[in-house]
Structure formats: C-alpha cells, structure tokens
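Trainee: Got a minute to go through this one with me?
Mentor: Yes. Put it up and ask away.

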Amino acid sequence: MTQHRGKMGPDANVTADDVATAAGVSRWTVNRAFKKDASISPRTRDKVMQAAQTLGYVPDLRAASLASDRSNLVALLVDDFANPHKLVMMERLTRILRKHGWDTLLVNTLDRADTGHALLNASQRRVDAVILIGIQFDDETLAAAQHARRFRKLIIFARTSQNPDTISIAVDDVAAMTEIADYVRARGYRRPFFLAGPRTVSAHLSRKETFLSRWKAHFGTEPESAEVPAYDPILAEAVVTAVLGNRPRAEMPDVLVCENDALAIGAVDVIRHRLGLRIPEDIAVTGFDDVPQCRSPNYRLTTYRQPLTEMAEYLVEVLESSEERDFDRAFTGCLVPRESA
C-alpha cells in the first residue's frame, strides 16, 4: 500500500523530478513555481503546489544557494533597542527586503565586543551581506570582519562610514542639520543647546558638528552642547536634568536641538515634568528621524524625516548588483515642523 508522504510532513527523498512527474510538467517549471514573482500561470503554479503538498516536497533552499552561489540571506546586526527609530528601520528594511525575495538573520549585538563575534559568525552562515544599523563597532572590528568574511558586502545603514571596505547608505546629515539650523534661526531662537548622542569613530553622524559650525558662522558664538551615552530617552532625561536642573531661568536655552528623536523625547519629559516649563513658550525642542511618537499629542515634535523607503529600495539595488563600484549614497529627507519648535 502506498502511503501519502505529505501526511507525515516533508520527505527529504522526494525530488523536484517527482513533483514534475506528478504534475505533468517539467522540472524547470517546478523550480519556477517556487520562485517569487516568476513568470508562470496561476493554474500551472497551483498544479505544481498541489503535487508538492501531496508528495511532501519542500525545496532545499540551501542546496539552491550553493548551486547559485547566492543565498538571498542578509544578516542584520542591531543594537540600541531603546532607540525607537531602530524598530522603524527594522520594519521598513525587513518588509522591503522580503518583497524583493531577501530574507534576514536578525542579530542583537549586545555590546562592542559582541559585534566583532557576530560579524565573524555571520561570515560562516552563507549570508550574502551584513547590514549594520547599530553604533557599537570600530575600525578594528570592521578590519577583522573584512579579513575573515565570506559575505560579499558589508553595509552601514543610516550612518556614514569612512572605512573603504564598507558601503554607506545614509541620510545627508550635513544638508539635514543645515536645514534645521536655518529653521531654528528663522524662528527667532538665539540660545540653542545641542544634545548629542554617543560619538563613534568608524561610522558617525555629522549632525552636531554641522549645527555648531553653522550657528557659529551666523552669530560668531558656538552653542552649548552635551552628550548622552546612548540613544535612550531615559539616559537623555538624566543628562538634561543634570545640565539644566539647577540653572536659573534667565540662563536657560530657548531651544534644545537634539541629535535624534529618542533624545528629544527624553528632553521634552524633563522640561515639562521636572522643570515645570512650557514647550515651546519657555524652551523649544527639535528632534531627528520622525518616529511615530513625534506625532503624539504628548510631543508634537518638530523633526527631520529620513527617506527610509527610498534608502531600503536602494539597499536592495546594492545587494542585487554584481558591479564593482562606489555604492556609497547620501539621501535627502525633509523637515517636519510641528508645535514643539
């Protein structure tokens, strides 16, 4: 008696040839049926899928990647999960990658030392590329990964890297922060305070330097600034409280320009709930990224929106290209004025 192997789950002994025979099609047609967006009629695809289900056939993706020398798998290394923009980026990246037939291996890099280990680990898993959207990596880590890696591309997403062995896909921080500085000046603010995030060497943001130099060029003085060790609203609260908590009202800044929305959200909470001041009447606040919380009635944050969809679509273009050229690209976003400034 013949047993229907599909009832027992996938059978490793069933081949595409078996499915082709059962469906009355060629093996080539079977392979096409399992490819996303392949040119095959719905009727033929249904016939192949029905035969595959009956026989318990599942295509061996690893074997297919070995045959094509491409796995269509990328490793996504992420840290600073306290930053709400990371979740926005992950959603956008994974959705667009998936739409184009790319899968992701998500790795939470716990600390700077773990990033190097994660990069080397990714090189052993047949990923086509590694995408870094964190802050915990340095030149030594990137150099070690470059030396040992088996993946084709090492991509820094949403930051600019000067490392020649990486590809940077980021917003144009200089243009963006120049627009913010000009907006703040045009709104009549004259005592800005810049709240920056952690400084990194290998892949950095140029927002603080751009704002300070732009302001100094106009007024001849450099604004005050402070640094938060991570893009974390709670840590931002602590820094803003320490800097402004005991300051006389006459010496307060009239606007806090924050390097990203996570810092701005923490700053808003301190200004309102610890200092008892009004936004924007007493102190205005600007952010950067336009995370969903910015639209909340609690914040209504003036910020700068990164073109994440356009950046993610370009990432796919980079992944699928076999060219050897400079893929670095800076994108232009847009200022989003709201009630906070």
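**Cysteines and a sheet**

Mentor: Cys294 counts as buried, because its relative accessibility is 1% (buried is under 20% relative accessible area, exposed over 50%, partly exposed in between; 1.4 Å probe, protein chains only).

Trainee: And Cys334, buried or exposed?

Mentor: Cys334 is partly exposed, at 34% relative accessibility.

Trainee: How many disulfides in the whole structure?

Mentor: Zero, where a disulfide is a pair of cysteine sulfur atoms within 2.5 Å. This is a predicted model: local features need pLDDT of at least 70, side-chain atom pairs count only at pLDDT 80 or more, and totals for chains, interfaces and linings use all residues. Residues are numbered from 1 along each chain as its sequence is written, and side-chain values use heavy atoms, without hydrogens and water.

Trainee: New topic. What is the strand order in the open sheet?

Mentor: E9-E7-E10-E11, four strands with parallel pairing. Strands are DSSP runs of E, at least two residues, and helices are runs of H or I, at least four, numbered from the N terminus; two strands pair if DSSP finds at least two bridges between them.

Trainee: Which strands are at the edges?

Mentor: E9 (224–227) and E11 (284–286); each has a single partner strand, so one side of each lacks a neighbour in the sheet.

Trainee: How many bridges join E7 to E9?

Mentor: Four, with E7 covering residues 192–196. In one of them, Ala196 is partnered with Glu227 of E9.

Trainee: What does helix H10 touch?

Mentor: H10 (residues 233–244) packs on the sheet and touches E7, E9 and E10, contact being heavy atoms within 4.5 Å.

Terms used. Axes are lines fitted to C-alpha atoms, for helices over the stretch in contact, and angles run from 0 to 180 degrees between N-to-C directions.
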